[in-house]
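Student: I would like to learn how to read packing and pairing in a model, taking one feature at a time. Could we work through an example together?

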Amino acid sequence: MSTRLISTSKSEVRKMSAMELKRSIQASEGRVVLSQCYVGSHPLLEGTTNPELAEAFGADMVFFNGYPMDDSKIPAFQGQVNNGEGWEPFDYRLKEMKELTNGPLGIYLECGAGDDPTTSTSQGKQLVRTNRIASEENLKKLLDEEADFVVLAGNPGTGTKLEDIVEATRLAKKVLGDEVMIWSGKWEDGVDEKVLGDPLATFDHKDIISKLIDAGADVICLPMPGSRTGITVDMIRDLVEFTHRYKPGTLAMSFLDGSVEGADEDTIRLCTLMSKQTGADIHAIGDAGCSGMSTPENIYQMAITLKGRRLTWYKLASGKR
């Protein structure tokens, strides 16, 4: 039987293969908290990093938005190390972040075009760069980065189409096989093409989900009820159930974003309870709070709502064993 991710130590997580991690999430029975961190801004708290802070408030997993797959400096990961004679600047990458954190770490890669003036905003164009897209070159680099999972989607204003995500998923499976978990879906950028679960969409939601799974997705990403306009529990629950039945073992993620991650704790509690009712395996909270991450108290509220105090405090107190 797989060890539950919500009860694992750092040493156990670091030994897991991608497929063992997948089973570990499934064994957690819908109580995994995922925090998104944008790496283009400096940390919220001086002297530490946002991934460390997210874990300190209850996140079981963290993934990085805006992560450059070349040697560009990462503002969120700039720190100092003692070389024996004094302190000197040091630029962390995901691999080094694993020394500072306990849980699985992933990278968000863009699937949108980003250069179409009819579908892309100026902010979207900034996010879709050669070093941030789901190209074959960047997918191969995930292995060198030692990423545990990759999220294939599109940030707001990038003009991302679902078919783009299907193709990126197919490429990722070809390049990565089972060495890195593949997460795919669309929970934002729903102006020109609606997100999965949106009742105004002109496409068949289940057809898209089946295409993503057939292309190689281990996790289907969906919007969280209460955070995305027009999305209800019943809509997402139906898609989660389809995901679980279409290919047993496939997981579902429910994502809270749209800047609601910076709302009050009562709102987070309500959204999280609705998310749990969908049957999702993973409950994610976005990065639009303060300085590239959710408000820390809201990560804690999500964890408490999903797992209760016992399991939440265990992960907070168990340290880096």
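The dialogue below takes up strands, helices and a few single residues in turn.

Tutor: Before we start, keep in mind that this is a predicted model.

Student: Let us begin with the sheet; which strands make up the closed barrel, and in what order do they run?

Tutor: As a general idea, the strands of a sheet pair through backbone hydrogen bonds, and the pairing is either parallel or antiparallel. Here 8 strands form a closed barrel in the order E1-E2-E5-E6-E7-E8-E9-E10, with parallel pairing, and from one strand to the next the twist averages 25°.

Student: How many bridges join E8 to E9?

Tutor: Strand E8, residues 219–223, runs parallel to E9 and is joined to it by 5 bridges; to take one position, Pro223 has Phe255 of E9 as its bridge partner. Against the sheet packs helix H11, residues 296–317, which touches strands E1 (32–38), E9 and E10 (282–285), and the direction of H11 makes about 165° with that of E1.

Student: How should I describe two packed helices, and at what angle do the axes of H8 and H9 cross?

Tutor: Two packed helices are described by the angle between their axes and the distance between the axes. In this model, the axes of H8 (residues 205–215) and H9 (residues 233–246) come within 10 Å and cross at roughly 35°, and the crossing is right-handed. On the H8 side the contact is made by His205, Lys206, Ile209, Ser210, Ile213 and Asp214, while H9 contributes Asp238, Leu239, Phe242, Thr243 and Tyr246; these residues divide into 5 nonpolar, 3 polar and 3 charged.

Student: Turning to single residues in loops, is Thr278 buried or exposed?

Tutor: Thr278, which sits in the loop between helix H10 (265–277) and E10, counts as buried because its relative accessibility is 1%, where the cut-off for buried is under 20%. Its side chain reaches the backbone nitrogen of Ala280 at 3.3 Å, and, once neighbours within four places in sequence are set aside, Thr278 is in contact with Pro225, Val233, Ile236, Arg237 and Val240.

Student: Where does Lys247 lie, and why does Lys247 count as partly exposed?

Tutor: Lys247 belongs to the loop between H9 and strand E9 (251–256), and since its relative accessibility is 45%, Lys247 counts as partly exposed. For sequence separation set beside distance in space, take Lys247 and Asp60, which are 187 residues apart in sequence and 25 Å apart from C-alpha to C-alpha.

Definitions and conventions
Residues are numbered from 1 along each chain as its sequence is written. This is a predicted model: local features need pLDDT of at least 70, side-chain atom pairs count only at pLDDT 80 or more; totals for chains, interfaces and linings use all residues. Side-chain values use heavy atoms; hydrogens and water are left out. Axes are lines fitted to C-alpha atoms, for helices over the stretch in contact, and angles run from 0 to 180 degrees between N-to-C directions. Helices (H or I, at least four residues) and strands (E, at least two) are DSSP runs, numbered from the N terminus. A crossing is left-handed if the near helix is turned anticlockwise from the far one by less than a right angle, and right-handed if clockwise. Contact means heavy atoms within 4.5 Å. Ala, Val, Leu, Ile, Met, Phe, Trp, Tyr, Cys and Pro count as nonpolar, Asp, Glu, Lys and Arg as charged, and the others, Gly among them, as polar. Buried means under 20% relative accessible area, exposed over 50%, partly exposed in between (1.4 Å probe, protein chains only). Two strands pair if DSSP finds at least two bridges between them. A polar contact is a pair of N or O atoms within 3.5 Å; within protein, one must be able to donate a hydrogen and the other to accept it, and residues adjacent in sequence count only if both atoms are side-chain atoms.
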